[in-house]
Amino acid sequence: MEKHNKFAVFKIGQEDFGIEVQKVVEILNPQRVYSIPELPDFLSGVITVRGEVIPLLDLRKRFGVRPSGEDERIIIVKYDSEKIGLLVDEIKEITALGEAQIIAPPAIFKGLKRKYLSGLGKKDEAIIILLDVDDLLTSEEKIILKESESMFEEDAGTGKSTEG
């Protein structure tokens, strides 16, 4: 029997993207984003979810796509041992793809760095670009992110008093 993996499918611009459901923690409506100075462009800042500070990665900026501004959502995913929010244009569906429906990404692929991709899913006539969540940030960007998070947690928003 063929093994099927489930993917959360979402839109960025005109394209359908997917990430493995087991990486998804929750899906949220847009909310207040706290900006942090000197973050790279594709990081919008951080959000707080039930007291937890979560960095927000704008996948549209990461991939050079203009935001549609319509039905945007935030997908909270497990990232290493942390959580990160992914800002996307809209959530489409949860879909199961069998191994035969997933192909390796071609060598040249719409300017996206191949390392972001775990493959391409074929569903009927549509192609779903499958993202590797763990490779969305470079090592250098992960370091910047860690530094920014700790800076934010010291400064604001966690509800903890900084006075002794």
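Strands, like helices, are taken here as DSSP runs numbered from the N terminus, a strand being a run of E with at least two residues and a helix a run of H or I with at least four, and two strands are said to pair if DSSP finds at least two bridges between them. The model is a predicted one, in which local features need pLDDT of at least 70 and side-chain atom pairs count only at pLDDT 80 or more, whereas totals for chains, interfaces and linings use all residues. Residues are numbered from 1 along each chain as its sequence is written, and side-chain values use heavy atoms, with hydrogens and water left out.

An open sheet is formed by five strands, which follow one another in the order β3-β6-β7-β5-β4 with mixed pairing. Its edges are occupied by β3 (24-28) and β4 (43-49), each of which pairs on one side only. On average, neighbouring strands of this sheet are turned by 30 degrees against each other, direction ignored, where the axes are lines fitted to C-alpha atoms (for helices over the stretch in contact) and angles run from 0 to 180 degrees between N-to-C directions. Within the sheet, β5 (residues 52-58) pairs with β7 (residues 82-88) in the parallel sense over three bridges, and L57 stands opposite L86 in β7.

Two loop residues show a positive phi although neither is a glycine. R50, in the loop between β4 and β5, has a phi of about 50 degrees and is exposed, with a relative accessible area of 69% (exposed means over 50%, buried under 20%, and partly exposed in between, with a 1.4 Å probe and protein chains only). D124, in the loop between β10 (117-123) and β11 (126-131), has a phi near 55 degrees and likewise counts as exposed, at 74% relative accessibility.
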